[in-house]
Amino acid sequence: MFSDSSLLPIIAILPFLGALVPGVMIRAGRTACASFTAIPTVLALVMLGTLAPGVMDGTVYRAEIVWLPQLGLSASFFLDGLGLLFAGMILGVGLLITLYARYYLSGEDPMGQFYTYLLLFQGAMLGIVLSDNILLLLIFWELTSLSSFLLIGYWKHLPEGRQGARMALTVTGAGGLAMIGGMLILGNVVGSYNLTDILAAGDQIRASDWYAPALILILLGAFTKSAQFPFHFWLPHAMAAPTPVSAYLHSATMVKAGVFLMARMWPALAGTDMWFYIVATVGLVTMVLGAVIALFKDDLKALLAFSTVSHLGLLTMLLGFGTPEAAIAAVFHIINHLTFKAALFMTAGIVDHEAHTRDIKRLGGLARLMPITATIGTVAALSMAGIPLFNGFLSKELMLHEAAHVTWYQNPWIVGALATLGSLFSVAYSLRFIFHVFGGPVRDDYPAKPHDPPFGLWAAPAFLCVFVVLIGVAPFLAQPVVRMAAEAVTGEELSFYFKIWHGVNTALLMSIAAIVGGVILLGLHRYLDRLWIAAPRPEAKTIFDGLIAGVVGWMRGITGWLHHGAISRYLAVFVVATLVVGVAAFLGGEMGQQTRALTPIPPVAPLGWLLLVVATVLVVVHHRSRFRALVLIGVIGLMISLGFVFLSAPDLALTQISVETVTILLLLLALHFLPKETPVESSGGRRFGDAAIAIAAGVAVAGLAYAFMTRDFNSISDFHLANSKSGGGGTNVVNVILVDFRGYDTYGEIIVLGIAGLAIFALMESLLAGPAGRRLRNADYTLDRSKDRHPLMMVVATRVMLPIAMMVGIFIFLRGHNQPGGGFVAGLVFSIALLMQYMASGFAWTTRRQRLEYHALIGFGVVIAGLTGVGSWFAGRPFLTSSFGYFEFPPIEEFELATAMLFDLGVFLCVLGAVMLMLFGLSRLARHAGETVNKEPMEYDPSNAVAAATTRERR
Amino acid sequence: MITYAIFFAFGCYGLGLLMNLWRLARGPGRADRILALDTMVINVIALIVLYGIWQGTAVYFEASMLVAMVGFVSTVAYCRFILRGDIIE
């Protein structure tokens, strides 16, 4: 059963599981935290190592876990050469970053959080490179955007960090959105969301009419992620992140995700003119632009950021060429760029850490003060410049060779020339990094006294530098890895040999030109820098902020117009929209013939109808007097309940009656603190328009109801009627639908109800703390009032009613499954019974007799309902499948017990808790208004007087 | 015979409801309106019971019982609102 392939999902899930640990382990100390972060990475790396030999031999490992096959979505993973290369890089550098961050982060930074984010990000990246399903890939893609947002904004106290994180999220998120569209098109064209199928269907995709939109959308995703022009601007702003994040995200992983995607999709999308012109051109422009800007950046990390932009452009351009040789060069450069750029970022971090500045103009002469750091930085920067005997030279040479042989729009030299120009600037800024930071005389005005850091901080970059030199001197070492990955990209057998010396050829001449030019440029840097500072140039952040502000303003305008705070506007928008849709449907469709005859009007029914209509009209007439409107609403509720009884819906009638009472109580409670009259705010014209809308909607609804009731149509009711007894064990179909057929809905609804109850309570709490609470405390409620707060009659009557009402509640609850009733109505009846006590004897007296918190009731309700649902798992059936049986408990007659009853108990508790909590929350308002409470159950208790008299007599 | 009795009763209670409606619409006092509503509740209870007898089923009796049990609660609440302002003190 167990095969090597089944390791794949484990590798993908390990970082996510591991992410749970650092937050806890930080209590055991920083080193322990870092060690525990390293464990999942090391484990995944070891597992990957066991699969590596197979992949090198050309095996492609696959593992699939079926998830939502109907949507074509399955958790399927595969590992080929490209995936192995990227997974190795992600995990390997992840390990180095873990070590580096341990020493880099200061004691005040929450390290557990950092490592959690880091592992989340690592897991998301691994998911991208291992996914064999493009929908799954999209999910991981979005996860990288989200987790990188957390990482970039890690220093929450820095406004630049927050802004940078937001910008990165906006740009990459928007790109991700575009990519979702592109991927869905691709999946539709091929008929499968499996990456393997899509890669095999390259010809079909390129021939499709949908090729162009799919390509553009997917490239938008890749370009935004990989910071290609014109989306490059987010990357430098993301440098506000701590250096370990920059080193990880912006050298090795996140920004390479776009490059990875282009490489992955290479067999499916590459090879057309469109691909070449878009990808290669964008890459070329990005490469040159990034290199030029990098030279004039004084912040070390900004320099490196733009250099990364430039190198990503280089990779994109190579992939855009669409030839196997270019793909080889791209893969090789991915490896090389990773080694030197991660080392450089870490070096910049060390400089910042020790000298307390990253401003190149304030640095210089560090070679004497921090020799180890200087050596590491120099080696890595020389590689970045493309100096022979370092690995950067080799791949740059390959790139120049390819660029020299590309014809762009019938122009054979332009690409080569621009590539050389890019390299020239690249040499210049790399050398600037060396000479302006480490070279020159030692200064005496550093913000802190620089010295070499502890081993833990320089170990990681030094380790990477070993690779820089090793590959540079002996390129054949990297050859098998490059071949493996390049073959996976192109899908062809490739044979090539890396050499340091190719003889004197065009590429070498271009290289020499670039190095010489770069040195000259650096010599002229001081003058050029002045020119650069004086020259006007577009500031990406300003443009971006303006764009965002514009969009936000525009959306605010629309929202403000639709939702300007008055309920009449909301309702008008909503009702008119519904009307328009309904009328459109009516005009577009066809109505069948009337199939049912009208039934005769029974006695009294017209009377009820008349009462309803008159009461409704009266509400409209009297609505400014809020109390009068409330009384009239009571009539409407009563008539509707009567209507339910008359139309054979006793369940609804019971519910309506109880809901009506609770609603009236709620509204009265609130009305006490509100103005009793509604002022006239709208003009006559507005009211006329609103009336027209209301009448049109009313007529439409009436027409719809009439049309429905005079026609036969099929509905799901027949199924419910047929299966209620046999499937759900109850004869009350309404209740069986609630607790069985649609039990899952009900479960969701009681949770919502519970949340609503808690939210009202919480809102009241915060309301009372704010200005509304102060207004309340200062308000004067001393009107002319009855002196009898708690009348004797009422107290006695409600006490007598309590057990009766509860009995009725229990009765309605128990028989709910077969006869009208159920947990919902029972809950309402119970709450009314309790509310009566509150009204009769007051808040304080009743609250003192309350043993259970209403919050807890809601919780118990949801838990009981949930556990009942889970219980059916143990019987091997889906969530919330009810089972039932008939039992005999003498002397009671045969009795049915169904799990649905337990579920109904949950509903009951939840309803009771939520209703009571809402009323409780509202009635607390009065206490804040300075109202007093009394401890006695009633204002005047005659039995006290009698008792006193008796005591007197005894004496 | 019982049918005629039921129809006669329907007529009486219906008339009662109409009168309640008149009082409810005219007022003039708040107490008049509350009382009209309360009487309406009583009349509705009677109508539901009558309807049950007419149809020969006991299902509706419970509805009438529930109306009877909770119907007065809103009346009490309205009254407390007028008398004391706050219904739960």
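Visitor: How confident is the predictor in chain B?

Guide: The mean pLDDT of chain B is 86, on a scale from 0 to 100 that gives the predictor's confidence in each residue. In chain B, 100% of the residues reach 70 or more. This is a predicted model, in which local features need pLDDT of at least 70 and side-chain atom pairs count only at pLDDT 80 or more, while totals for chains, interfaces and linings use all residues. Residues are numbered from 1 along each chain as its sequence is written, and chains are lettered from A and ligands numbered from 1 in the order in which they are written. For the model as a whole, the scores are ipTM 0.94 and pTM 0.72.

Visitor: What makes up the contact of chain B with chain A, and how many residues does each chain give?

Guide: Chain B gives 39 residues and chain A gives 45, with contact meaning that C-beta atoms placed from the backbone lie within 7 Å. On the chain B side, helices H1 (2-26), H2 (30-55) and H3 (59-84) each supply at least two residues. H3(B) brings the largest share, 17 residues. Helices here are DSSP runs of H or I with at least four residues, strands are runs of E with at least two, and both are numbered from the N terminus.

Visitor: What makes up that side of chain B by residue class?

Guide: There are 29 nonpolar, three polar and seven charged residues. Ala, Val, Leu, Ile, Met, Phe, Trp, Tyr, Cys and Pro count as nonpolar, Asp, Glu, Lys and Arg as charged, and the others, Gly among them, as polar.

Visitor: Let's turn to chain A. How do you know that S1(A) and S2(A) pair?

Guide: DSSP has to find at least two bridges between two strands. S1 (residues 61-68) and S2 (residues 73-79) of chain A have seven, in the antiparallel sense, so they count as paired. Within the pairing, A:Tyr61 is bridged to A:Leu79 and A:Arg62 to A:Phe78. The two strands form a hairpin with four residues between them, and A:Gly72 in the turn has a positive phi of about 75°.

Visitor: Why is H19(A) called roughly antiparallel to H21(A)?

Guide: H19 (residues 371-385) and H21 (residues 414-437) of chain A pack at about 170°, with axes 8 Å apart. Axes are lines fitted to C-alpha atoms, for helices over the stretch in contact, and angles run from 0 to 180 degrees between N-to-C directions. Angles under 35 degrees count as roughly parallel, over 145 as roughly antiparallel, 65 to 115 as roughly perpendicular and the rest as oblique. The angle of about 170° therefore makes this pair roughly antiparallel. Among the residues in contact are A:Gly377 and A:Ala381 of H19(A) and A:Ser430 and A:Phe433 of H21(A). By class, seven are nonpolar, four polar and none charged.

Visitor: And why is H4(A) called oblique to H23(A)?

Guide: H4 (residues 81-104) and H23 (residues 479-490) of chain A pack at about 125°, with axes 6 Å apart. That angle fits none of the other classes, so H4(A) is oblique to H23(A). The contact includes A:Gly81 and A:Leu85 of H4(A) and A:Met484 and A:Glu487 of H23(A). Eight of its residues are nonpolar, one is polar and one charged.

Visitor: How do you know which form the peptide bond from A:Phe229 to A:Pro230 takes?

Guide: Omega is near 5°, and the bond is cis. A:Pro230 is found in the loop between H10 (211-225) and H11 (234-237) of chain A. A:Ala227 is also found in the loop between H10 and H11, and its phi is near 55°, a positive value in a residue other than glycine.

Terms used:
Contact = placed C-beta atoms within 7 Å.
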